[in-house]
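Student: Hey, could you walk me through this one? I'd like to start with the ligand site.

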Amino acid sequence: MTKPSAQTKPALSQDELKTLVGQAALRFVVPGQIIGVGSGSTVNKFIDALASMKDQIKGVVSASQASTARLRAIGIPVFDANEVEELAVYIDGADEIDQRGNMIKGGGAALTREKIVSAQSRQFVCIVDESKLVQTLGRFPVPVEVIPMAVQRLVRQFAAIGGRAQVRIKAGSTGQEPLVTDNGQVLLDVSGLQISDPLAFEAQVSQWPGVVTVGVFAFQKAQVCLLATADGVKTLTF
Ligand code: 5RP
């Protein structure tokens with residue numbers, strides 16, 4: 001029987017990678033300021049880490065009701081986006097990120113508020129594990145928040161460009177109950193797309209009547225990506 005090499009490192013689970021990158025993001029937190037915070041399981045790790053710095057920041061603007069509840073539970077003040085002009089930094093996860101910092105976001109249904117808060121921020125720091133880094137966006141179905149009366153027409157519009165759009169169903173619902181976002185709208189998840197020009201795709205789909213927000217972030221791409229790998233957290237800048 002061969003003995004395991006002394007140099008073999010135990011593989012980190014995805015959850016452990018998320019914890020690592022959540023902690024690594026603390027170095028982008030500017031003391032004395034209000035920061036933007038996104039949502040999702042990786043951001044939850046960041047929020048947990050932020051507890052150690054909570055007395056050093058003024059507070060946050062949050063991109064989802066779930067993040068707001070988690071932040072308030074640890075005693076961090078949450079400001080309304082309208083109370084704040086510009087944020088120094090926005091820290092959020094992504095479902096996919098490419099080598100230029102373009103992202104797909106919205107797996108956690110918070111894409112509209114995420115785009116609003118990131119638009120208010122000077123720098124977008126994306127925190128992901130290495131499974132999210134792709135050559136071309138589109139392996140992950142693109143979330144699109146839409147007005148309910150436009151659903152069927154938008155399904156046909158996506159079909160015309162090669163996409164299969166499905167209404168996202170509420171987790172745990174027994175029937176086919178659509179998930180309703182924090183903004184009272186519904187989501188389409190669009191699979192089958194290869195997004196070789198993210199800026200053009202975002203510009204095109206954003207103009208379709210009934211689209212509230214498309215989950216491609218190219219106009220507001222990341223400036224920094226903290227990428228959790230088996231060898232530690234790497235910093236990519238764009
Ligand atoms: C929520 C998002 C999240 O950032 C994205 O879904 C990644 O989530 P996770 O960190 O749980 O993998 O865009 O709308």
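Tutor: We'll take the ligand first and the domains after that. This is a predicted model, where local features need pLDDT of at least 70, side-chain atom pairs count only at pLDDT 80 or more, and totals for chains, interfaces and linings use all residues. Residues are numbered from 1 along each chain as its sequence is written, and side-chain values use heavy atoms, with hydrogens and water left out.

Student: OK, which residues come nearest to the ligand?

Tutor: Ser41, Thr42, Asp95, Gly106 and Lys132, out of 17 around the ligand (near means a heavy atom within 4 Å).

Student: And how far is the side chain of Asp95 from a ligand oxygen?

Tutor: An N or O atom of that Asp95 side chain is 2.6 Å from an oxygen atom of the ligand. For the Lys132 side chain, the N or O to ligand oxygen distance is 2.9 Å.

Student: How much of the ligand does the protein cover?

Tutor: 91% of the 370 Å² of accessible area that the ligand has on its own (Shrake-Rupley method, 1.4 Å probe).

Student: Switching topic, how is the chain divided?

Tutor: Into domain 1 (14-135 + 219-237) and domain 2 (142-214), with bounds from an automatic or database domain assignment. Their C-alpha centres lie 23 Å apart.

Student: How many residues are in contact between them?

Tutor: 16 residues of domain 1 contact 18 of domain 2, contact being heavy atoms within 4.5 Å.

Conventions: Polar contact = N/O pair within 3.5 Å; in protein donor to acceptor, adjacent residues only side chain to side chain.
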